[in-house]
Amino acid sequence: MNRTALLLATTGLLALTAAVVGLPRQKDTSHTLARPGEAPTGVVLPPATAKDGPVTLQGKLSGAYLMTGPSEAYAVLTVRTDKSREKKRVPVSLALVIDRSGSMRGQKLEDAKRAARLLVQRLDAEDRLALVHYGSDVRVFPSQQVTDEVRQQMLAFVDTIADEGATNISGGLQAAAQQLLPHVESFRVSRILLLSDGHPTEGLIEDSELLKLADTYQRQGLTVSGLGVGDEFNEHLMRGMAEQGGGFYGYIQDSEKLAEILRRELEQAAGTLARGVELRLELPEGVMDAEAMGVPTRREGHTRVVRLYDLAGGQEAQVVVKLTLSLESSKADRGVLGARLRYQDVEAARPVETYLPLSAKVTDDEALVRANLDQEVRVHAVKALGAREMQAAAEEMKRGNRQKALGMLDNARSLFGSSADALAGELADVDRTKAAYLNAQDETSVKREALQLHRKSLRTFGQNNSYDTD
């Protein structure tokens, strides 16, 4: 999105009324939505910047002024890595974990085995690989360097995989971690690639237990990526595994694309410059809460912690933060949000911490606030609000609540349409989804559209750790 498009976009922002299905009937205290006939402010504030190591943190608030008393505001934070200077791929330590339960029977398992063979062929003697497959029980080819001799043994091991049993995801993960942890200090990147098409039925079966497992491994130096295959899988679990594990995820509806996804996963892992990335949002007095829109947040007193994914060279993550305020008037700039970025610099093998304070003046002059709104942040806020409607629509689609889903898609369309120049792509996504949903003839088709919409919403929030398999 370029600056010209953002500037033009704001001229099209229209006030959305409560008559739109599902939008709350309350005053817009954040001034996110433009009033009818309101001229654009023309304001684009320079972002504040903090940098140490290969990662830059940039951020800015809704505007130079905020309202006194109860109100809301937005901040946009962008975490961006430098382009990698290394031309040769760095060695990696991987564990590929394949679901072989009965529901994988047929083409899905054959495609998984083909993808595994291609991954084995792409690695070399500097890399380590463990192969794990699970049904009710778990079978392991131990982590070894991929020499020519070992490669042939691995290919033979893959050939023996046959569908059987239940879905013991935790057993597969635990076996993979046991293979990787002894070597974690010897590799810049160690990653578990989890592949499954179903819900856990043996071992740890609660989502919370499996997410805790991924969190534990991430803290021990292992990244976890979750790849879901087919229409019948727990997308919240697979996405959550990646979020807690600092990795990537994908909804792979066409299992033939597995090989391409594993190739991209290898490239991303080998190019990682920052791992264990987290944003800590520190709230000063007068800031009641901060919601990182579209991403899970944990609370630690007056701090909100957002875990991000591993970043390779040239990658970025963007977080839109909705702030709930109760501020007193201040002629001088006062702190509104402190953003503390922590990560492990992979190349330098050192922990890094940078701090970015964001501040604004506080006034009871609403006209002054509106005249100094930042047009870029305003568009990003509208984009995040629309993405939230998309996500809610996807949930209603899965539940079979047709009218609610359509109403939320209309909400998203109204939000994106109010900034059509900048958000034309998002607007087109909603239109395509609505048309496909209206034409869906069976439950499988509806689930497929819900999954596609859910993935699109995550991209719209600014998260770039999902694989596009369209």
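Two strands count as paired here if DSSP finds at least two bridges between them. That's the yardstick for the first close-up of this predicted model.

**View 1. Strands S5 and S6 run side by side in the parallel sense.** Seven bridges link S5 (residues 93–99) with S6 (residues 128–134). At one of these spots, aspartate 99 has tyrosine 134 of S6 as its bridge partner.

**View 2. Zoom out a little and the pair turns out to belong to an open sheet of seven strands.** Read across, the order goes S7-S6-S5-S8-S9-S10-S19, and the pairing is mixed. S7 (138–145) and S19 (466–467) sit at the edges with a single partner strand each, so one side of each has no neighbour in the sheet.

**View 3. Helices H4 and H7 both pack against this sheet.** H4 touches S5, S6, S7, S8 (190–196) and S9 (223–229). Its direction makes about 160 degrees with that of S8. H7 (residues 258–270) lies across S5, S8, S9, S10 (246–252) and S19, and it also runs at about 160 degrees to S8.

**View 4. Here's serine 170, which lies in helix H4 (residues 169–180).** With a relative accessible area of 2%, serine 170 falls under the 20% cut-off and therefore counts as buried. Who's around it? Skipping the neighbours within four places in sequence, serine 170 is in contact with Glu202, Gly203, Leu204, Leu210 and Leu213.

**View 5. Two separate nonpolar cores show up in the chain.** The largest one has 74 residues, and the members touching the most others are Leu77, Leu129, Leu131, Leu279 and Leu323. Apart from that one lies another core of 31 residues, including Ala384, Met390, Ala393 and Ala440.

**View 6. Alanine 349 sits in the loop between strands S17 (330–345) and S18 (350–363).** Check its backbone: phi is near 55 degrees, a positive value in a residue other than glycine. Buried or exposed? Alanine 349 has 62% relative accessibility, over the 50% cut-off, so it counts as exposed.

**View 7. Finally, the whole chain, for context.** There are 12 helices and 19 strands to find your way around. Of the 470 residues, 56% are buried. Take the contacts between residues at least 6 apart in sequence, and 76% of them join residues at least 24 apart. The accessible surface adds up to about 19,000 Å², with 48% of it belonging to carbon and sulfur atoms.

Notes: Residues numbered from 1 in each chain as written. Predicted model: local features only at pLDDT ≥ 70, side-chain atom pairs only at ≥ 80, totals over all residues. Heavy atoms only, no water. Helix = DSSP H or I, 4+ residues; strand = E, 2+ residues; numbered from the N terminus. Buried < 20%, exposed > 50% of the residue type's maximum accessible area, 1.4 Å probe, protein only. Contact = heavy atoms within 4.5 Å. Axes fitted to C-alpha atoms, helices over the stretch in contact; angles between N-to-C directions. Core = buried A, V, L, I, M, F, W, Y, C linked by side-chain atoms within 4.5 Å. Areas by Shrake-Rupley, 256 points an atom, 1.4 Å probe, with all protein chains shown as cover.
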